[in-house]
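Please open the structure in your viewer and keep the selection panel at hand. The stops below are meant to be taken in order, each with something to select and something to look for.

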Amino acid sequence: MLKLLQIGCGNISNTWLSSLAKRNDIEFCGLVDIDRDAAREKVSAHGLQCPIFTDAAKAIKATSPHIAIDNIIPSERLALAEICMSNGLHVLSEKPLADNIDNAKKIIKLSDKYNRDFFVMQNRRYNTNMFSYRNAIQSGRIGEIGYLGVEFFRDPHFGGFRDIMDSPLLIDMAIHTFDQARFLLGKNPVSVICKEYNPGWSWYKGNSSAICIFTFEDGTIFNYTGSWCAPGMNTSWDSGWRTIGSKGSCLWNGNDFPTAGLSILNDVKSCHPDAESIIIDRINCDIGGHAGCINEMIESIKAGSRAQTDCRDNIISMAMVFAAIKSSAKNREIQIKNILEE
Ligand SMILES: NC(=O)c1ccc[n+]([C@@H]2O[C@H](COP(=O)([O-])OP(=O)(O)OC[C@H]3O[C@@H](n4cnc5c(N)ncnc54)[C@H](O)[C@@H]3O)[C@@H](O)[C@H]2O)c1
């Protein structure tokens, strides 16, 4: 039985607590939040029988957990990582891995130093539609891939840390979409050109909107346009996607099963070749969303292996975020490897 210490009892902790409660290989040994009432409220809402704490280090000493669940805010993640890993705990953390790229690198160093796992939640990878879309892209069903485009437009009024942080869209949301792009293509990015902006009506202090053009290692262009300040006609939280290959195109609106069409082969010499709709293979994701990622992370710890969202891999998705921010600030193209090696 693995003993878990839940640290951070805000909004997203409900999703973790309810996913974890369904497992029979874990038990909660405590809940921690600097706001005692937040921890107390979650103990009661989830029917738990464990003590609450306001200090993670004291909670670790009192309860000797195996794993810390980090659901706190990004700016506090590095300090908490040091407390947890130096005390022998593995960490399952919410995204983003860190609030800046230097702190992401420091978390990897701590994971190496203490030989503890630090895995990151990327729940949007775990979805039957994503698995099927990815398979259509990577199996060659639409030919050689040249373009991946995504639109993300929503208008959440969160309040809290997102309203006052720099680059809330890129750091707190686009990290999901950039990570999904790497997952879909099975390739890594090389460079980015980005323009961040904040429309006049924005309720965010930092830039709530951005346009980014990434070039991937095989030359594929990944075109991202997104906004957290776009009233009306919202896209899915999973965004709307279009992939173009040498034989056809594949679309996913983020909600329904992806659709695809191929050029009719004997018609490609005509000026306007006809296309036919095709049905792509369905690839089931047995456990979706947070529960799926949590399952992989816990099973990896038990097996002594690394989950796909290990901090050493996840930093590449983070580097996309911080390369984009730097590109916008400097008004020029930025190489991803420079962000990773700086
Ligand atoms: N994967 C997803 O889909 C998803 C969705 C929402 C939020 N998130 C991520 O989850 C994290 C938390 O977001 P949220 O919406 O729950 O925020 P929140 O503000 O609702 O909750 C954060 C909680 O952490 C507590 N806290 C802050 N610093 C602490 C510390 N040092 N020790 C203990 N407790 C501390 C706060 O008091 C608060 O209760 C963020 O990184 C966010 O990006 C992920």
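Select the ligand together with Lys95, and look for the polar backbone atom of Lys95 that lies 2.8 Å from an oxygen atom of the ligand. The model is a predicted one, and every distance given on this tour is computed from its coordinates.

Stay with Lys95 and add Pro96 to the selection, since the peptide bond that joins these two residues is cis, with omega at about -10 degrees. Pro96 itself belongs to the loop that runs between strand E5 (90–93) and helix H5 (101–114).

Return to the ligand and select Asn11, where a backbone N or O atom lies 3.0 Å from an oxygen atom of the ligand. Then move to Asn123, whose side chain places an N or O atom 2.9 Å from a nitrogen atom of the ligand. The ligand, which taken alone exposes 850 Å², has 83% of that area buried by the protein.

Now display the pockets: the ligand sits in the largest pocket. Two elements give two or more residues to the shell around the ligand, namely helix H7 (161–164) and helix H8 (168–185).

Widen the selection to the whole shell, in which 23 residues surround the ligand, the closest being Ile12, Asp33, Lys95, Asn123 and Asp172. Coloured by class, the shell shows nine nonpolar, seven polar and seven charged residues. Coloured by domain instead, the shell draws at least three residues from domain 1 (2–120) and at least three from domain 2 (124–285 + 320–330).

Two further stops concern backbone geometry. Select Ser64, a residue other than glycine whose phi is nevertheless positive, near 45 degrees; Ser64 is found in the loop between helix H3 (56–63) and strand E4 (67–70). Finish at Asn331, which is likewise not a glycine and has a positive phi of about 60 degrees; the loop that holds Asn331 lies between helix H10 (311–330) and strand E15 (334–335).

Key. Residues are numbered from 1 along each chain as its sequence is written. This is a predicted model: local features need pLDDT of at least 70, side-chain atom pairs count only at pLDDT 80 or more; totals for chains, interfaces and linings use all residues. Side-chain values use heavy atoms; hydrogens and water are left out. A residue is near a molecule or strand if one of its heavy atoms lies within 4 Å of it. A polar contact is a pair of N or O atoms within 3.5 Å; within protein, one must be able to donate a hydrogen and the other to accept it, and residues adjacent in sequence count only if both atoms are side-chain atoms. Accessible areas come from the Shrake-Rupley method with a 1.4 Å probe; for residues, only the protein chains shown count as cover. On a 1 Å grid over the protein atoms alone, a cavity is a set of points where a 1.4 Å probe fits but cannot get out, and a pocket is an open set with protein on both sides within 12 Å along at least five of seven lines; lining residues have an atom within 4 Å of a point. A molecule sits in a cavity or pocket if more than half of its atoms lie within 2 Å of its grid points. Helices (H or I, at least four residues) and strands (E, at least two) are DSSP runs, numbered from the N terminus. Ala, Val, Leu, Ile, Met, Phe, Trp, Tyr, Cys and Pro count as nonpolar, Asp, Glu, Lys and Arg as charged, and the others, Gly among them, as polar. Domain bounds come from an automatic or database domain assignment.
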